[in-house]
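Biologist: Could you take me slowly through one part of this model, piece by piece? I am new to this, so please explain each term as you reach it.

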Amino acid sequence: MSEKYDVAIIGGGPAGLTAGLYTSRAGIKSLLIEKGVPGGLMAATYWIENYPGFDEGISGLDLSKKMEKQARRFGLDLRTGSIDDIRINGKEKVLISDNGTEISTKAVIIATGSDPKKLNVEGEERLRGKGVSYCATCDGAFFRDKKVAVIGGGNSALQEAIFLTRFAEEIFIVHRRDTLRATKINQEKAFSESKIKFIWDSVVEKIEGNETLSSIRLKNLRSKESENLRVDGIFIYIGSSPNTEFLRGLVKLDYYRFIITDEKMATSVPGIYAAGDVRANDLKQIVTAAGDGAIAALSAERYIEENFRQD
């Protein structure tokens with residue numbers, strides 16, 4: 001089974017949805033393939049305060065729905081699925097989907113984003129979903145009037161810890177350093193919350209529990225001493241890993257496997273572009289992902305015009 005499109009967008013977060021909006025609005029036959037819920041990690045973010053145009057903030061799910069609706073209005077074909085491989089066939093690219101469908105396309109925009117990194121400590125995988133979580137928005141309500149730990153010192157860790165104050169009795173933020181990486185406004189909010197306490201210079205050595213999580217073992221990196229902290233849940237925010245496994249060396253990646261692009265979002269392969277959190281860049285925000293998507297879409301449009309004029 002084979003299908004043909006002008007542009008195929010892999011990933012439906014803010015970068016992919018914006019790219020799909022721009023290409024569809026330009027009259028380019030466009031397909032967006034998303035393996036989960038449109039919006040990606042944005043859809044799992046409880047509240048977004050720094051996206052332009054929403055002066056009182058907006059939930060990540062609502063913003064995702066608005067982006068999806070807008071893109072569909074201009075004719076974007078959006079479907080659920082994943083891509084297992086990309087092959088080069090002359091000037092065209094052939095995407096192999098998880099159900100075996102082959103999709104021929106003139107240009108590709110990769111916007112597959114990234115997934116939360118794991119601690120890779122004993123008990124983490126065994127107790128996943130039984131006290132171990134990577135999404136406070138998804139699982140926070142399960143910990144009403146309980147004690148939880150949040151691991152990390154960046155914006156995501158602090159924002160989710162603040163969100164957890166709606167439910168949890170006490171929140172411990174565990175950070176491997178004695179200073180935070182989060183923005184000043186998020187630090188101020190976290191420090192002002194009476195439910196939040198900080199444990200500095202510490203890392204998780206082990207996650208313990210039988211049927212459900214009961215405690216975590218922490219090691220202080222300065223004193224080298226270990227202690228058990230009794231909590232009912234742990235939320236892990238220590239960075240992200242890009243979803244680039246399916247590329248199999250097709251495009252150039254950096255040391256951390258993020259896709260290397262130029263300022264036009266072009267990868268090392270002509271006609272293949274990357275946008276959003278899957279790209280090697282320093283700032284990973286919804287607004288920058290959307291900007292990447294717009295640039296990638298315009299670059300893909302120019303590529304098609306220059307290389308497929310006879311079509």
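Modeller: A crossover is right-handed if, with the strands pointing away from the viewer, the path from the first strand over the helix to the second runs clockwise. Helices (H or I, at least four residues) and strands (E, at least two) are DSSP runs, numbered from the N terminus. Before we start, this is a predicted model, with residues numbered from 1 along each chain as its sequence is written, and local features need pLDDT of at least 70. Side-chain atom pairs count only at pLDDT 80 or more, while totals for chains, interfaces and linings use all residues; side-chain values use heavy atoms, without hydrogens or water.

Let's begin with strand β2 and what lies around it. Strand β1 (residues 2-10), helix α1 (residues 14-25) and β2 together form a right-handed β-α-β unit. The two strands of that unit run parallel and are joined by four bridges; strands pair if DSSP finds at least two bridges between them. One place to look is Ile10, whose bridge partner in β2 is Ile33.

Now follow the chain onward. β2 goes on to make another right-handed β-α-β unit, with helix α2 (residues 60-73) and strand β3 (residues 77-80). Here, too, the strands pair in the parallel sense, with four bridges between β2 and β3. Across from Glu34 you will find Thr80 in β3.

How covered is β2? Five of the five residues in this strand (residues 30-34) are buried, a word that means under 20% relative accessible area, with exposed over 50% and partly exposed in between (1.4 Å probe, protein chains only). In a regular strand, the side chains alternate between the two faces of the sheet. You can see two sides in β2: Ser30, Leu32 and Glu34 point one way, Leu31 and Ile33 point the other way, and all are buried.

Next, turn to the helices of these two units. α1 and α2 pack with their axes 9 Å apart, at an angle of about 20°; axes are lines fitted to C-alpha atoms, for helices over the stretch in contact, and angles run from 0 to 180 degrees between N-to-C directions. The two helices are therefore roughly parallel, since that label covers angles under 35 degrees (over 145 is roughly antiparallel, 65 to 115 roughly perpendicular, and the rest oblique). α1 passes α2 in a left-handed crossing: the near helix is turned anticlockwise from the far one by less than a right angle, whereas clockwise would be right-handed. From α1, the contact is made by Pro14, Leu17, Leu21 and Ser24; from α2, by Ser64, Met67, Glu68, Gln70 and Ala71. Contact means heavy atoms within 4.5 Å.

α1 has another helix partner, α6. This pair packs at an angle of about 35°, with axes 7 Å apart, and α1 passes α6 in a right-handed crossing. On the α1 side of the meeting are Pro14, Ala15, Thr18, Ala19, Tyr22 and Thr23. Facing them in α6 are Ile286, Ala289, Ala290, Gly293, Ala294, Ala297 and Leu298.

Let's zoom in on Ala294, which lies in α6 (residues 286-307). With residues up to four places away in sequence left out, Ala294 touches Thr18 and Tyr22. Why does Ala294 count as buried? Its relative accessibility is 12%, so it falls in that class. Now look for Met265: this residue is 29 residues from Ala294 along the chain, and their C-alpha atoms are separated by 9.7 Å.

From Met265 we can step to Arg279. Arg279 sits in the loop between β17 and α6, and counts as buried because its relative accessibility is 12%. Leaving out residues up to four places away in sequence, Arg279 touches Phe258, Ile259, Thr261, Asp262, Met265, Ala274, Lys284 and Asp292.

For an exposed residue, try Pro270, in the loop between β16 (240-242) and β17 (272-274). Its relative accessibility is 58%, so Pro270 counts as exposed. Pro270 still touches Lys93 and Tyr303, not counting residues up to four places away in sequence. Val251 is 19 residues from Pro270 in sequence, and the two are 9.8 Å apart in space, C-alpha to C-alpha.
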